[in-house]
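Subject: Structure for your review

Dear colleague,

Please find below the structure I am handing over to you, followed by an account of what was found in it. I would be grateful if you would read the two side by side.

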Amino acid sequence: ANYPLEKSVEMHNLAMAKIVEKFESVGELNEALHHFDDVLSLYTRQAHPWRWFSASENKAEVLEDLSLRKNDGSRTREAISIYRDQQTLIQRQYDQAHWARIERNIGEALYRLAFLTKDPAKLVEAETAFSNVVETIPKSAPSDREKILRKLADTKCHRGKMTYDMSAIEDGVSLYNSLIDAGTATPRGTKNYFLLQSIEKCRDIKTK
């Protein structure tokens, strides 16, 4: 369909307006989703790659919100598929930072999907995604690396809890310990205090 540019912009803005409204209802989310589908029929990856990327990113956000509201894993799977498609445009060897952001989205979506579907295999996939992000983030960005490593440790712990795999929990605890050892003091109020809280949660899992 060859709609004028003004029409496609209008549809995009309408869909974005639904997002700005903080997703007041499932009905509004579904309406926004339809608008993004219209936009993506105009802004194809082949003809308008960057407009396609922006619209597909917004669509994935709507899908994930719908998934959480309706406990519908199929919506999260669709969002993950969108992120995978984005990585065919944003490739790791050409734009590592952008690729890593998408890979993080994949990891977090897989993490949520694991709890929606009670499928520990999705936690394994999430661990792989988070590990990929860690490999990509430069050491010059320690704060970003720490956030992903904490997410990786948390994922390992929950996989261990879900599968009764003590080695996975021990790996998570060990990773948390390495993060704490790499820091300085651990008094209340520092970032390491919150790491200690997280590691205690993992240990609680281990002892139950």
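Helices here are DSSP runs of H or I with at least four residues, strands are runs of E with at least two, and both are numbered from the N terminus. On that basis the protein has nine helices and zero strands. Please note that this is a predicted model.

Overall architecture

Along the sequence the pattern reads α-α-α-α-α-α-α-α-α. The protein has 208 residues, of which 44% count as buried. Among contacts with a separation of 6 or more, 55% are made by residues 24 or more positions apart.

Salt bridges between helices

The structure holds 13 salt bridges. Three of them are described here.

Asp 37 and Lys 59 form one such bridge, with their closest N and O atoms 2.7 Å apart. Because Asp 37 belongs to helix H2 (residues 26–42) and Lys 59 to helix H3 (residues 49–70), the pair ties together parts that are 22 residues apart in sequence. Asp 37 is partly exposed, at a relative accessible area of 33%, whereas Lys 59 is buried, at 11%.

Glu 57 and Arg 101 also meet through their side chains in a salt bridge, at 2.8 Å from N to O. Glu 57 lies in helix H3 and Arg 101 in helix H5 (residues 96–117), so this pair ties together parts that are 44 residues apart in sequence. Glu 57 counts as partly exposed at 23% relative accessibility, and Arg 101 counts as partly exposed at 38%.

The third bridge joins the side chains of Arg 159 and Glu 127, with an N to O distance of 2.4 Å. It links distant parts of the chain, since Arg 159 is in helix H7 (residues 142–163) and Glu 127 is in helix H6 (residues 120–136), 32 residues apart. Arg 159 counts as buried at 15% relative accessibility, and Glu 127 counts as buried at 8%. Through shared partners, salt bridges join Glu 127, Lys 156, Arg 159 and Asp 165 into one network.

Helix H6

The helix that carries Glu 127 was examined further. H6 has 17 residues, which at 1.5 Å a residue should span 24 Å; its end C-alpha atoms are 25 Å apart, in agreement with that value. At the N-terminal end of H6, Asp 119 acts as a cap, with a side-chain oxygen 3.0 Å from the backbone nitrogen of Ala 121.

Which residues of H6 are buried? They are Lys 122, Leu 123, Ala 126, Glu 127, Ala 129, Phe 130, Asn 132, Val 133, Val 134 and Thr 136. What covers these buried residues includes H5 and H7.

Gln 86 and its surroundings

Gln 86 is placed in helix H4 (residues 73–89). Its relative accessible area is 0%, so Gln 86 is buried. The side chain of Gln 86 makes a polar contact of 3.0 Å with the side chain of Ser 56. Leaving aside residues up to four places away in sequence, Gln 86 touches Trp 52, Phe 53, Ser 56, Glu 57 and Ile 102. One of these, Glu 57, takes part in the salt bridge with Arg 101 described above.

Aromatic rings

A search of the whole structure finds two aromatic pairs. Charged side chains also lie over ring faces. Arg 45 lies over the face of Trp 52, at 5.4 Å from the ring centre; Trp 52 is also among the residues that Gln 86 touches. Lys 151 lies over the face of Tyr 111, at 4.1 Å from the ring centre.

Loop residues with positive phi

Two loop residues may be of interest when you inspect the backbone. Asn 71, in the loop between H3 and H4, has a phi near 50 degrees, a positive value in a residue other than glycine. Asn 71 is exposed, with a relative accessible area of 60%.

Lys 118 is found in the loop between H5 and H6. Its phi is near 60 degrees, again a positive value in a residue other than glycine. With a relative accessible area of 63%, Lys 118 is exposed.

Yours sincerely

Definitions and conventions: Residues are numbered from 1 along each chain as its sequence is written. This is a predicted model: local features need pLDDT of at least 70, side-chain atom pairs count only at pLDDT 80 or more; totals for chains, interfaces and linings use all residues. Side-chain values use heavy atoms; hydrogens and water are left out. A salt bridge is a side-chain nitrogen of Lys or Arg within 4 Å of a carboxyl oxygen of Asp or Glu. Buried means under 20% relative accessible area, exposed over 50%, partly exposed in between (1.4 Å probe, protein chains only). The expected span of a helix is 1.5 Å times one less than its number of residues. Contact means heavy atoms within 4.5 Å. A polar contact is a pair of N or O atoms within 3.5 Å; within protein, one must be able to donate a hydrogen and the other to accept it, and residues adjacent in sequence count only if both atoms are side-chain atoms. Rings of Phe, Tyr and Trp (its six-membered ring) pair if their centres lie within 6.5 Å; planes under 30 degrees apart count as stacked, over 60 as edge-to-face and the rest as tilted. A charge sits over a ring if NZ of Lys or CZ of Arg is within 6 Å of the ring centre and within 35 degrees of the ring normal.
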